[in-house]
Each structure stands twice: as structure tokens, then as C-alpha cells.
Amino acid sequence: MLAPDDLTALGLTLQLAAATTLLLLLVGTPLAWYLSRSQWRGKVLIETLVALPLVLPPTVLGFYLLLAFAPQSPLGQLLNSLGLAPLAFSFGGLLLGSAIYSLPFVVQPLQNAFSAIGERPLEVAATLGLNPWQRFTRVALPLAKPGFITASTLGFAHTLGEFGVVLMIGGNIPGETRVASIAIYEHVETLNYGQAHSLSLTLLLLSCVLLALIYRRQRVAAL
Amino acid sequence: MAIQLQCNIQRGDFHLQLQTEIAGRGTTAIVGPSGSGKTSVLRILAGLDQQPDCEVAANGNVWQNAERWLPSHQRQIGYVFQEANLFPHLSVAENIAFSKLSTNAELEALAKQFGIQALLRRKPATLSGGEKQRVAIARALAAKPQYLLMDEPLNGLDEKSKRELLPYLQVLHQQLEIPLIYVSHSVSEVAQLADRVMVLENGKLQAHDDAATALTDPNLSLAHSVDAGALLDAQVIAVDAEQQLAHMSTAAGTLYSPVTTLNTGQSLRLHIAARDVSLSLSQHSDSSINNILPATIASISDEDESQLLLQLTVGEAKLLARITRHSAQRLDLSVGRSVYAQIKAVAIF
């Protein structure tokens with residue numbers, strides 16, 4: 001069975017994945033909506049930045065985040081002047097790093113879902129007297145529901161599997177930044193294969209169950 | 001309630017130059033070939049296309065001009081698109097109630113008017129094309145628009161669905177208290193539904209006239225279509241029960257039609273197709289045709305290599321007749337000549 005340390009790591013991982021997904025849905029929804037509707041030519045720049053974590057080695061991202069999180073950096077000084085703790089080696093830092101790292105996995109499915117709706121249903125809603133906000137909440141959001149399910153799943157699952165960024169900016173503080181993937185790595189490093197097995201298998205099963213549940217729901221929704 | 005519209009758009013291949021006033025009552029049909037700008041006019045009226053080179057005012061209120069822009073959702077226009085565009089995630093009842101502007105009693109009345117009471121719990125995906133379009137019209141009316149715009153609502157439907165939907169549109173045309181602006185390329189729909197017709201070609205307004213005049217004007221494309229014909233307002237003056245014949249008074253004279261469902265005093269609209277009118281020089285009494293009216297040839301125009309289109313003055317009305325060049329030569333027909341128009345069939349709407 002799982003050791004108490006590993007249970008803590010697992011709990012922290014789930015917490016981080018849930019918080020990241022929530023944060024990304026909050027930030028990603030308006031961003032994806034803007035990208036799906038905007039005619040601005042320069043939006044390709046934003047799309048590039050959003051997609052960047054897909055191709056960038058996580059360590060590169062982690063390295064620059066580490067620099068940004070340093071107390072002497074502009075961000076660090078800003079946080080300091082606001083009386084906030086520095087982000088490096090903290091849960092808040094992990095959350096921010098994970099959010100940037102998983103951004104495309106949430107924004108892209110949402111953007112595709114919003115684009116797939118097309119202009120017509122929104123035009124219909126406009127002629128029925130709905131203002132832009134009502135059109136977004138009563139037409140765009142419900143019609144993009146499959147996209148939200150995909151985006152949440154991918155965002156959550158991708159954060160579960162995160163390793164490189166965490167290693168760079170989080171370190172290995174139990175209960176604070178020591179997530180499951182780091183714990184497994186450490187067990188292997190210390191030749192503690194039994195514990196590595198238990199934790200790996202748990203993550204494997206968890207991911208399988210999660211994906212299966214969501215695929216089933218999507219099939220039900222499609223019927 | 002009238003709408004003033006003025007456009008001067010010149011952008012690449014897209015031209016739209018017109019200035020007109022759309023009547024605040026009855027049905028105005030916008031007709032023309034595809035690419036003539038019909039749908040563009042409708043979308044501009046609805047505020048769906050932001051065209052800064054257009055000015056629209058309804059009943060004195062500016063909807064758009066150089067300084068002002070009233071968005072679609074504030075124009076109080078109902079819009080029925082070619083495809084029904086029902087919200088797929090909502091039931092029929094939820095679709096109709098979508099605007100939240102009608103009471104339950106009003107929604108029920110609309111469901112009844114469009115024969116969709118039995119469909120209320122169903123999802124749009126399970127409906128036929130005609131059913132979807134009926135729901136779409138009911139949904140538009142449930143938002144209590146001041147104007148109803150329709151963009152070829154019969155276009156995507158098969159013949160059976162069209163026949164099923166048309167009676168609802170005819171009732172709508174008769175009962176609707178708000179102006180209906182109806183885009184179509186079908187002469188038969190225009191003949192059945194329109195009070196006035198705007199004819200567009202290449203983004204220019206060719207004519208804007210009452211339907212009976214526009215349909216029989218040989219200078220417009222409507223008179224040259226397969227279904228071309230004249231419109232007559234008629235009143236039933238007597239019904240001969242023995243002969244099963246209705247006597248109807250029209251501007252062209254008294255017409256007879258073998259219809260028994262009509263009642264004396266009833267007003268109706270007749271369509272007399274150009275292909276159903278033939279000509280003779282004398283009033284045959286040995287003809288099987290019931291309706292023979294004295295007429296004068298008002299104009300003769302080319303139809304194709306073998307046929308001519310004749311516009312006839314019959315009483316106070318205009319009729320169209322499509323005859324062969326050969327017959328015209330044989331009878332020595334020319335403008336101003338007195339003839340007899342023999343009407344084979346009278347279609348009643």
C-alpha cells in the first residue's frame with residue numbers, strides 16, 4: 001500500500017491538478033472566445049504564445065519561470081512590495097507554472113469548440129433580442145460543452161503528469177511542492193522500487209478511470 | 001412602421017445601390033436571381049452585417065447611419081433563416097420560449113397556430129425540415145418582433161415539406177399584424193404571399209411595386225419565369241351548386257372556377273398562369289373553356305426562340321399569355337389588337 005508520504009504527494013497532485021484546471025477554465029474561456037471571434041491579424045501572435053508549451057521542453061519553461069520567480073526579478077520585487085511570499089518553491093508558484101504549461105491543452109479545445117459553433121446560432125439569438133453576454137452564456141457556453149469536457153480532462157490529466165516544470169520551480173518539499181511524479185522519481189533514484197510501483201500504478205489507474213468516465217459521458221451527451 | 005433604406009456599397013465584386021421605402025404593412029417580397037443582393041438587404045435591415053455605407057430608419061427611428069448603430073438585438077426584428085437553425089441542445093418548447101418575451105399562454109397559442117403542440121418535448125434533430133421551419137417561425141414570433149424577416153424559408157425543403165409549410169405562411173400573411181419582408185426567388189411563392197415586390201438585380205433595384213403590377217411587367221424577369229402569371233383579387237358573387245361552379249368578380253371581369261368549398265361573399269386571390277392563357281380572334285361558343293374575356297394586346301416581348309410573351313389588358317387588369325411565335329403569326333397579332341383571352345385554369349390561393 002501507499003506510504004503516508006506518498007499519500008500526501010498524491011493528494012497534493014490532485015489538488016494542484018484541480019486548482020490548475022479551474023484557473024485555466026477561468027482564464028482560458030475568455031481567451032479562447034476572443035481567439036475564436038477576433039478578426040485581428042495579430043492574433044496569430046497570441047495563438048503562438050498559447051501553443052508554445054506544446055513544443056518547448058518543460059525544463060526551458062521551468063528555467064525561465066525560476067528566473068522570473070526569483071526575489072530580485074521584477075515579479076519578485078512586485079510580490080515583495082505587496083507583502084506576498086516569493087513564488088519559487090511554493091504551491092502558488094507550482095500553480096502558476098502548471099497553468100502556463102497546460103494552457104494550450106485547455107485553450108485549444110475551447111477555441112475549436114467556440115469556432116465550431118459558427119456565427120449563425122449567435123445571429124439567431126441576436127434577432128431574438130439577446131445581448132452579447134446573454135448570447136455567450138445561453139448559446140455559446142452550452143453549445144461548447146463537449147469542448148469544456150475535453151479541455152478540463154486534458155488540463156487535469158496533463159497537470160497530473162507534469163514533471164519538468166515542477167522539478168525546476170518547485171523542488172521537493174513534502175506537502176508543499178512534492179507531487180506524485182517527483183515522489184516516483186525520488187523513489188527510483190533511491191532504488192525504492194516497491195514504493196515507486198505503488199504510486200505509479202495508482203497514477204496509472206487514476207488516469208484510466210478519469211479518461212474512461214469522461215469518454216462515457218461524452219458518448220452519452222452525443223446520444 | 002415603414003422602413004427607409006438607402007445603400008451605396010461598392011466593395012470589390014459586391015455592389016448594392018438602392019434607395020427605397022419598405023411598406024409598414026403587409027408582405028413585401030424581395031426577389032431576384034442569386035447574387036442580386038436579396039439576402040444582403042435582409043441582413044442589413046436586421047443589423048447582422050455592419051455596412052457603414054447604408055442608412056436604415058424604421059418609422060422615423062434611425063437604426064443606422066454614419067453616426068449611429070443600433071445592434072440587432074435592439075431592432076425588434078424576427079428573422080427566419082433558410083435553415084431553421086434551431087438550438088440543438090434545447091427541446092422544441094425551449095426553442096420557442098428562448099427569447100423569454102412571451103407568456104405561457106402566448107407560447108401555447110403559437111404552438112397551436114403552427115401545429116407543433118405534439119412536438120414540444122422533442123429535440124430538433126428528430127424533426128422534419130418543414131417541422132423545424134415551423135418551430136423557427138414560432139420562435140421568431142415569440143420574441144414579439146415589430147418586423148418579421150424571412151430569407152427563403154422554403155428553399156432547403158423538399159416538395160412535400162414545401163406543400164406542408166406553405167399554408168402556414170399563407171395564414172401568416174393574412175393574419176400577421178406586423179410587416180413581413182420575404183426574400184424569395186420563386187414566382188409562385190411571391191404570387192401566393194406578397195402584397196408588394198422589390199425586384200433586385202446586380203445590387204440595383206429594378207422595381208418596387210405592388211405584386212400584381214410587378215408580376216405582369218414584361219420588363220421584369222418575373223414575367224418570364226416558368227410560373228409567370230397574373231394576380232387577381234376576386235370576390236365570390238355566387239356559387240352554382242348544380243354546376244359546382246363559383247362565380248367570381250375580378251378586375252378582369254367575371255371568372256368561373258369549379259370550386260365548391262367557396263362561399264358567396266368570400267374574398268380570395270387568384271393566379272392565372274401565362275401558360276394557361278390562350279388567344280382567339282373571335283368569341284368561340286364551341287370552346288370547352290369557361291372563361292373567355294375580351295382583351296387588348298398591351299405589349300409583345302420575346303420569350304425564347306419559339307415563344308412570345310403577351311401582356312393583355314383585360315378590363316382593368318393585366319394578364320400574361322405565353323403563345324408560340326407561329327400562332328402569333330397565324331393570327332397576325334400586334335400591339336393594340338383586340339382579342340379574346342381564353343383561360344384554361346384558375347389557381348386559387
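**Entry 1. Contact between the chains**

I began with the interface of chain B and chain A, to which chain B contributes 20 residues and chain A contributes 17 residues. The model is a predicted one, and I read every entry below with that in mind.

I looked up the area next: chain B and chain A bury about 1,600 Å² between them. Carbon and sulfur atoms account for 66% of that area.

I then turned to charged pairs and found a count of two salt bridges between chain B and chain A. I located one of them by its residues: A:Arg120 pairs with B:Glu83, and their closest N and O atoms are 3.5 Å apart. For polar contacts across the interface of chain B and chain A, the search returned three residue pairs.

I asked which elements of chain B give two or more residues to the side that touches chain A. They are strand S6 (77-80) and helix H4 (129-142) of chain B. S6(B) gives the most to that side, with three residues. I also sorted the side of chain B that touches chain A by class, and obtained ten nonpolar, six polar and four charged residues.

**Entry 2. Two loops of chain B**

I checked backbone angles in the loops that follow S6 and H4 in chain B. B:Asn85 sits in the loop between S6 and helix H2 (92-96) of chain B. Its phi is near 50°, a positive value in a residue other than glycine. B:Lys144 is placed in the loop between H4 and strand S7 (147-151) of chain B. For B:Lys144 I also read a phi near 50°, again positive in a residue other than glycine. I noted both angles because most residues other than glycine have a negative phi.

**Entry 3. Domains of chain B**

I consulted the domain assignment of chain B, which gives domain 1 (3-224) and domain 2 (229-348). The contact takes 15 residues from domain 1 of chain B and 13 residues from domain 2 of chain B. I found the C-alpha centres of domain 1 of chain B and domain 2 of chain B to lie 32 Å apart.

Between domain 1 of chain B and domain 2 of chain B, I read a buried area of about 980 Å². Carbon and sulfur atoms give 55% of it. Which residues of domain 1 of chain B lose the most area to domain 2 of chain B? I found B:Thr216, B:Pro218 and B:His224, which together make up 49% of what that side buries.

I counted one salt bridge between domain 1 of chain B and domain 2 of chain B. In chain B, I also recorded the salt bridge in which the side chains of B:Arg269 and B:Asp195 meet, at 3.6 Å from N to O. Polar contact joins four residue pairs across the interface of domain 1 of chain B and domain 2 of chain B.

I traced the side of domain 1 of chain B that touches domain 2 of chain B to its elements: helix H6 (187-193) and helix H7 (211-215) of chain B each supply at least two residues. The largest share, four residues, comes from H6(B). By class, that side of domain 1 of chain B divides into nine nonpolar, four polar and two charged residues.

**Entry 4. The disulfide**

I searched the whole structure for disulfides and found one over all chains. B:Cys7 and B:Cys54 form a disulfide, with their sulfur atoms 2.2 Å apart. The link of B:Cys7 and B:Cys54 is right-handed, with 115° about the S-S bond. B:Cys7 belongs to strand S1 (residues 3-11) of chain B and B:Cys54 to strand S4 (residues 54-58) of chain B, so the pair ties together parts that are 47 residues apart in sequence.

**Entry 5. Chain A**

I turned last to chain A, which has eleven helices and zero strands. Its C-alpha atoms fill a box of roughly 65 × 45 × 30 Å along the principal axes.

The salt-bridge count over all chains comes to 16. I looked up a pair within chain A: A:Glu119 forms a salt bridge with A:Arg37, the closest N and O atoms being 3.0 Å apart. Which parts of chain A does this pair tie together? A:Glu119 lies in the loop between helix H5 (91-117) and helix H6 (120-127) of chain A, while A:Arg37 lies in helix H1 (residues 4-37) of chain A, so the pair connects parts that are 82 residues apart in sequence.

Methods: Residues are numbered from 1 along each chain as its sequence is written. Chains are lettered from A and ligands numbered from 1 in the order in which they are written. This is a predicted model: local features need pLDDT of at least 70, side-chain atom pairs count only at pLDDT 80 or more; totals for chains, interfaces and linings use all residues. Side-chain values use heavy atoms; hydrogens and water are left out. Domain bounds come from an automatic or database domain assignment. Contact means heavy atoms within 4.5 Å. Buried area is the accessible area (1.4 Å probe) that two parts lose on being put together, summed over both. A salt bridge is a side-chain nitrogen of Lys or Arg within 4 Å of a carboxyl oxygen of Asp or Glu. A polar contact is a pair of N or O atoms within 3.5 Å; within protein, one must be able to donate a hydrogen and the other to accept it, and residues adjacent in sequence count only if both atoms are side-chain atoms. Ala, Val, Leu, Ile, Met, Phe, Trp, Tyr, Cys and Pro count as nonpolar, Asp, Glu, Lys and Arg as charged, and the others, Gly among them, as polar. A disulfide is a pair of cysteine sulfur atoms within 2.5 Å.
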